[in-house]
Amino acid sequence: MASALTSVIIGAKAKHTATVFWFHGLGDSGAGWSFLAEELSGVFPHIKWVLPNAAMLPITLNQGFRMPAWFDLSGLDRSVASNQDKKGILASMASLNTLIRQEIESGIPSDRIVVGGFSQGCVMSLLVGLTSEYKFGGVIGCSGWLGLHDEFPKMASDANKKTPVLICHGDADPVVNYSFGKESAEILEKLGYNVKFNTYPGLVHSASPKELGDIAQFLKQHLPPL
């Protein structure tokens with residue numbers, strides 16, 4: 001059974017007709033991304049923001065130190081592709097899917113939901129978003145990669161084959177190599193997905209005003225007010 005997650009929730013400022021789920025990166029929390037919701041809630045008063053908190057896990061990359069994480073990591077070089085914590089990824093997917101199911105059961109149609117994330121959260125947003133039985137309004141992945149890429153084609157759902165995907169990555173990222181994001185977008189494009197890949201020159205492992213503007217534009221297009 002999926003373990004229950006807590007979330008930072010920033011409610012809609014007007015009538016709630018859409019929801020964004022945003023998944024944080026390694027060692028962070030939902031609160032670490034509340035700035036995104038607060039900055040955009042004035043532009044999108046109809047959107048509720050759900051920022052889940054990952055469980056505390058021992059991280060091999062950090063000598064087994066426990067920190068908030070969606071899955072274990074043994075490295076951030078090319079070995080990340082061949083030594084993936086499949087069990088941890090699938091467990092977090094199940095927990096996040098439970099939160100999303102609850103939101104849909106509360107009355108928000110799945111096509112009025114966008115899932116997004118940063119770094120490890122990007123791994124989760126791409127996998128959760130593109131394997132779900134529910135048809136989403138869009139999927140956003142920032143400064144991350146497509147996890148379980150060899151198995152992904154079999155895991156992918158028909159429901160989200162045409163769902164718009166925005167992948168963003170800074171070309172000066174010293175943590176998650178820019179090529180990981182670019183190659184992930186290329187894999188999805190070859191599989192026929194509707195992917196837009198944005199490069200941010202000089203951006204390190206963080207967000208930028210231009211990137212936040214592009215996310216806002218994506219939400220404006222795919223979660224417009226009703």
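Buried means under 20% relative accessible area, exposed means over 50%, and partly exposed lies in between (1.4 Å probe, protein chains only). This is a predicted model: local features need pLDDT of at least 70, side-chain atom pairs count only at pLDDT 80 or more, and totals for chains, interfaces and linings use all residues. Residues are numbered from 1 along each chain as its sequence is written, and side-chain values use heavy atoms, with hydrogens and water left out.

**View 1. A salt bridge within helix 6 links Lys182 and Glu186.** A salt bridge here is a side-chain nitrogen of Lys or Arg within 4 Å of a carboxyl oxygen of Asp or Glu. The structure holds four of them. In this one, the closest N and O atoms are 2.9 Å apart. Helices (H or I, at least four residues) and strands (E, at least two) are DSSP runs, numbered from the N terminus. Lys182 and Glu186 are four residues apart in helix 6 (residues 178-190), so about one helical turn separates them. Glu186 is partly exposed, with a relative accessible area of 32%. Lys182 also counts as partly exposed, at 34% relative accessibility.

**View 2. Seven strands form an open sheet.** Two strands pair if DSSP finds at least two bridges between them. Strands of a sheet pair through backbone hydrogen bonds, either parallel or antiparallel. Here the strand order is 1-3-2-6-7-8-9, and the pairing is mixed. Strand 1 (7-10) and strand 9 (195-200) stand at the edges. Each has a single partner strand, so one side of each is left without a neighbour in the sheet. From one strand to the next, the twist averages 15°. Axes are lines fitted to C-alpha atoms, for helices over the stretch in contact, and angles run from 0 to 180 degrees between N-to-C directions.

**View 3. Strands 2 and 3 pair, and helices pack on the sheet.** Strand 2 (residues 18-23) and strand 3 (residues 47-52) run in the parallel sense and share four bridges. Thr19 has Lys48 of strand 3 as its bridge partner. Helix 1 (residues 34-41) touches strand 1, strand 2 and strand 3. Its direction makes about 175° with that of strand 3. Helix 3 (residues 86-105) touches strand 1, strand 2, strand 3 and strand 6 (113-118). The direction of helix 3 makes about 170° with that of strand 2. Contact means heavy atoms within 4.5 Å.

**View 4. Glu103 and Lys48 join helix 3 to strand 3.** The two form a salt bridge, with the closest N and O atoms 3.0 Å apart. Glu103 lies in helix 3 and Lys48 in strand 3, so the pair ties together parts that are 55 residues apart in sequence. Both Glu103 and Lys48 are buried.

**View 5. Leu51 is a buried residue of strand 3.** Its relative accessibility is 1%. Leaving aside neighbours within four places in sequence, Leu51 is in contact with Ser7, Val8, Ile10, Trp22, Gly30, Trp33 and Ser34.

**View 6. Helix 7 carries a salt bridge between Asp214 and Lys210.** Helix 7 (residues 209-222) has 14 residues. It reaches 20 Å from its first C-alpha to its last, close to the expected 20 Å. That expected span is 1.5 Å times one less than the number of residues. The side chains of Asp214 and Lys210 meet at 2.9 Å, N to O. Asp214 is buried, with a relative accessible area of 17%. Lys210 is exposed, at 53%. The buried residues of helix 7 also include Leu212, Ile215 and Phe218.
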